[in-house]
Amino acid sequence: MSGMTGYDLLKKVKTCSIDAICEFLKNIKCYDAMISDDAGSFVCNYLCYNSLRFAEQKGHNSPPFSRINKETKM
């Protein structure tokens, strides 16, 4: 199975558990994978970083960031 791509694996397997996907990523692809039930920080940070990088590539200035205190947060 080591020569398989993700697409090859999907063609062979119709359903797959999260545990099986995680094990595949860890043992076959050697990724430091783990199961999480909270994608919030990762998704927010990814979107923020890539949005700023895209804006910079297009010649736009990045907006300044300010700290938001706990009372202001929802």
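Glu 23 has a relative accessible area of 38% and is partly exposed, a class between buried (under 20% relative accessible area) and exposed (over 50%), with a 1.4 Å probe and protein chains only. The model is predicted: local features need pLDDT of at least 70, side-chain atom pairs count only at pLDDT 80 or more, and totals for chains, interfaces and linings use all residues. Residues are numbered from 1 along each chain as its sequence is written, and side-chain values use heavy atoms, with hydrogens and water left out.

**Exercise 1.** Find the partner of Glu 23 in a salt bridge, and place both residues in the secondary structure.

Solution.
- Step 1: A salt bridge needs a side-chain nitrogen of Lys or Arg within 4 Å of a carboxyl oxygen of Asp or Glu.
- Step 2: Lys 26 meets Glu 23 at 3.6 Å, N to O.
- Step 3: Both residues belong to helix H2 (residues 18–28), 3 residues apart, about one turn of the helix. Helices are DSSP runs (H or I) of at least four residues, strands (E) of at least two, numbered from the N terminus.
- Step 4: Lys 26, at 35% relative accessible area, is partly exposed.
- Step 5: The structure holds 1 salt bridge.

**Exercise 2.** State which helix holds Val 43 and which nonpolar surface patch includes Val 43.

Solution.
- Step 1: Val 43 sits in helix H3 (residues 40–57).
- Step 2: With 38% relative accessibility, Val 43 is partly exposed.
- Step 3: Phe 42, Val 43, Tyr 46 and Leu 47 make a nonpolar surface patch of about 440 Å². Patch residues have over 30% relative accessible area and no salt bridge; nonpolar side chains (Val, Leu, Ile, Met, Phe, Trp, Tyr) are joined within 5 Å, like charges within 9 Å.

Terms used
Accessible areas come from the Shrake-Rupley method with a 1.4 Å probe; for residues, only the protein chains shown count as cover.
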